[in-house]
Amino acid sequence: MVDGYLRRVFVVMGFIALVAAATAGVWRYGYVQALDQLARQGRSDLALASDRLTGQLQRYRELAVLVADHPQVGAVLTGEDVAAAEALLLEIADKTAAEDIRLTDATGFVLARAHPELAEFDMAPLVRRAAQGALGWGNGTTTDGGRVFAYAAPVFDGQSQVKGAVVVTADLATIELDWVGSNPAVFFTNAGEQVFITNRSETVLWTRPEDAPGLKPADGPALPFDSYRVGRHEVWQMGWGPYLPKKALHLVRLLPVIGMKGEALVDVAPARRLATLQAAALAALCLAFGAMLFLATERRRTLAQANAQLEARVAERTAALLDTNTQLRREAIEREEAQTALKRAQEDLMRAGKLSALGQMSAGLSHELNQPLMAIQTFAENAVAFLERDTPARASDNLSRISDMARRMGRIIKNLRAFSRQESEPAVRVDLIEVLNSAVELTLPHLRHGGITLDFTPPDAPVWVSGGEVRLGQVFVNLISNAVDAMAGQDTRVLRIDIAGETVTVADTGPGIAMPAQMFDPFYSTKEVGASEGMGLGLSISYSIIQSFGGKISGHNGPEGAEFVVELNGWADEAAA
C-alpha cells in the first residue's frame, strides 16, 4: 500500500518536472520569437524617427548653401555694409527657425550674425572644412550648455576661391519639442557615445557606462544601468522613471549622414506576457493530459469521484480557453490599429517624396523664374526710354514681350502649385498628356542642367485615364529626375518618353538597373551613402501610387539603358455614372 502510494508520488513528481522543463523551453522560444517581432517593429519606428530627424537637419544644410550664394553675403566679404547683412541674416533665421546664422571670413572670424547675444560654440572645425571648399557639419554644446547642430557652407568669389563661410546652427532642444514623449523611446548619440538628441528628457547627455554601471560622466546624469543578451537581442535593465520601460529591447541604427547613431528602447513586457501565455497554455494542456491519465488509473476507486474531478478539469480548461480567446481578440484589434498607423506612415512617405522632389527642383525653377524677371525689368526700362523718345511702336513691342514673359512665369508657377498641393480624393478622369507636359516643364531646368536631350512628342488629342493629377505628376517627376541623375557622367544623354494609348515608357541612356528585383523596395538606392539627392523612396512611392489607381509600373534594362513602363487604366464613360 505504502509502496504503491510512493510510486504514484514519484511518477507525478517526474511528470511535473518534465512539464516544467517543457514549459520553460516553450517560454524561452516564445520570448525570443516575440522579441524578433518587437525588433522588426522597433527597427521600423527607429528608421522613421531617424529619417524624420535627418530630414529636419538637412533643411538647415540647404539653408546654409542658399545663404552662401546671396549677393549681400558676398558684399560683406568685400567690406560693404555689415548692418544690412545682419538684418538679412536675422530675417532668414526668424523665417526658417534657425537658432543663429553667422558669416565668417576664411579664418573663422565672425563678420556678421543674426543673433549676437546667443552663446558661442566651437565652430572652428566646421569653418576649416568650409575653407577647403567642402560642406562642414557637426554637433556640439554652447557655452551656456545648449545643444546645437551646425552646417558651414563655403562662400566663393568670382574666381571660385573660398572667401568665407556661412554657419547655420539649429537648436536641438527646439527640434525635440515636436516628438517628446512619443513611442518608443528613441535617442541619438554623438561620436562620444553621449545622448545628444532624445524624446525622453531623462536621458539627455547620458553616456553608457563601460566599466562601472551607474558611473556618472562629467556632464551627464547618473542612471542605474545593466544589460544582458537574449539570443541575438540585447536587453537593458533600467530604472529611469515612469516614462521609460524597466526592461527594454535595445536597437541601433547608424546615421552617417549626420554623424550620429540612432538607438531605440522597446518595452519587452508585451513579449514576456505573450511568452508566459504560450507557456501557460502548454502547461495546462500537459497537466490536463496527465490528470486524465491519473484519473484513468484511479477510476477503479470511485467512478463518482473521477467524474467530479473530470468536470472540474473541463471547467478549468474552458476558462483558460476563454482567456486565450479574449487575448487573441485584443491582439487582432492591436494589429488593425498597427495597419492603420502603417497606412498613415505610407501617406507621410508620399508627402516626403514630393517635398524631396520639390527641393531638388527648387534651384532650377528659381533660375527659370529669375530669367523672365530680369527680362521684364529690361523690357520695362526700354519701354520707358522709347516713350520718352516718342516712339510708341517700339514701346508697345517691349510691353508685348513683358506680357509674354508674365504668361510664361504664370505657367511655371501654376504647374508648381498643382504639383505641391495635397490630393486625397479617389481616382478621377485625368488627361495623361497634360500631366506629362506639366512634369516635363517642372523638370526642364534639371534636364538643362544635366545636359539632357529630351525626345518627347506628345499627341495633340488628350488621353483620358483613371488617376489623380497630382499623384500621377509625382510619379513622372520621380521617373524623369531619376533618369537625369542616372545619366550623369555618360557620353550620350538622351531621355525618351513614348506614349502608346494609356501606356507611357520613360527610357534613358544611363548605366541601367543594377538589381531590378529590388528597385521598388523602400530605401533601395544606387546613389552614394549620404548623398543629398534622395533616400531611395521615390520608386517605392511611385509603385504604391500606380497600384492605388489599379495600374502597373515595371522596370527593366533596355538596349541603351533603363526603361520604366507605366500602364494605366483608361477612363470609361460609364465610370462617371
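Leaving out neighbours up to four places away in sequence, Gly555 is in contact with Ile513, Met519, Phe520, Glu563 and Phe564. This glycine belongs to strand S17, which covers residues 552–557. Gly555 counts as buried because its relative accessible area is 17%, under the 20% limit for that class. Its C-alpha atom is separated by 6.3 Å from that of Val565, a residue 10 positions away along the chain. Please keep in mind as we go that this is a predicted model.

A little earlier in the sequence you will find helix H11, residues 538–548. Which of its residues are buried? They are Leu539, Ser540, Ile541, Ser542, Ile545 and Ile546. It helps to recall that an α-helix has 3.6 residues a turn, so residues three or four places apart point the same way. Just after H11 comes Gly550, with a positive phi of about 80 degrees.

Now step back to the whole chain. It has 11 helices and 18 strands, and 39% of its 577 residues are buried. Of the contacts with a separation of 6 or more, 60% are between residues 24 or more positions apart.

Next, let us turn to the aromatic side chains. The model holds eight aromatic pairs. One of them is formed by Trp206 and Trp236, whose rings meet edge-to-face, 5.9 Å centre to centre and with 70 degrees between the planes. This pair links distant parts of the chain: Trp206 is in the loop between strand S7 (195–198) and strand S8 (225–230), while Trp236 is in strand S9 (residues 233–238), 30 residues apart. Both Trp206 and Trp236 are buried.

Trp236 also pairs with Phe225, again edge-to-face, at 4.7 Å centre to centre and with 85 degrees between the planes. Here too distant parts of the chain are linked, since Phe225 lies in strand S8 and Trp236 in strand S9, 11 residues apart. Phe225 is buried, as is Trp236. Where do these rings belong in the wider picture? Phe187, Trp206, Phe225, Trp236 and Trp240 form one aromatic cluster.

Aromatic rings also meet charged groups in this model. The charged end of Arg272 sits over the ring of Tyr31, 5.7 Å from the ring centre. Arg429, for its part, lies over the face of Trp464, at 3.9 Å from the centre of that ring.

Another arginine, Arg147, has a different setting to explore. Arg147 is found in strand S4, residues 147–156. Is Arg147 buried or exposed? It counts as buried, because its relative accessibility is 10%. What does its side chain reach? The side chain of Arg147 makes a polar contact of 2.8 Å with the side chain of Glu176. Setting aside residues up to four places away in sequence, Arg147 touches a list of residues that includes Gly140, Thr141, Asp171, Glu176, Phe196, Val204 and Leu205.

Leu205, one of those residues touched by Arg147, deserves a look at its backbone. Most residues other than glycine have a negative phi. Phi of Leu205, however, is near 65 degrees, a positive value. Leu205 lies in the loop between S7 and S8, and with 16% relative accessibility it counts as buried. Glu193 likewise has a positive phi, about 60 degrees, although it is not a glycine. This residue is placed in the loop between strand S6 (185–189) and S7. Glu193 counts as partly exposed because its relative accessibility is 37%.

For a contrast in exposure, go to helix H4 (residues 124–131), where Arg128 lies. Arg128 counts as exposed because its relative accessibility is 51%, and the cut-off for that class is over 50%. The C-alpha atoms of Arg128 and Thr107 are separated by 7.6 Å, with their positions 21 residues apart along the chain.

Finally, consider the empty space inside the model. Rolling a probe the size of a water molecule over the atoms shows where empty space is left. How many cavities of 30 Å³ or more are there? The count is one, and the largest cavity has a volume of about 30 Å³. It is lined by Glu99, Asp100, Arg102, Leu118, Ala119, Phe121, Thr142, Val148 and Thr169.

Note on methods
Residues are numbered from 1 along each chain as its sequence is written. Side-chain values use heavy atoms; hydrogens and water are left out. Rings of Phe, Tyr and Trp (its six-membered ring) pair if their centres lie within 6.5 Å; planes under 30 degrees apart count as stacked, over 60 as edge-to-face and the rest as tilted. Helices (H or I, at least four residues) and strands (E, at least two) are DSSP runs, numbered from the N terminus. Buried means under 20% relative accessible area, exposed over 50%, partly exposed in between (1.4 Å probe, protein chains only). A charge sits over a ring if NZ of Lys or CZ of Arg is within 6 Å of the ring centre and within 35 degrees of the ring normal. A polar contact is a pair of N or O atoms within 3.5 Å; within protein, one must be able to donate a hydrogen and the other to accept it, and residues adjacent in sequence count only if both atoms are side-chain atoms. Contact means heavy atoms within 4.5 Å. On a 1 Å grid over the protein atoms alone, a cavity is a set of points where a 1.4 Å probe fits but cannot get out, and a pocket is an open set with protein on both sides within 12 Å along at least five of seven lines; lining residues have an atom within 4 Å of a point. Grid points are joined across faces, edges and corners, and a volume is the space filled by probe spheres set on the points.
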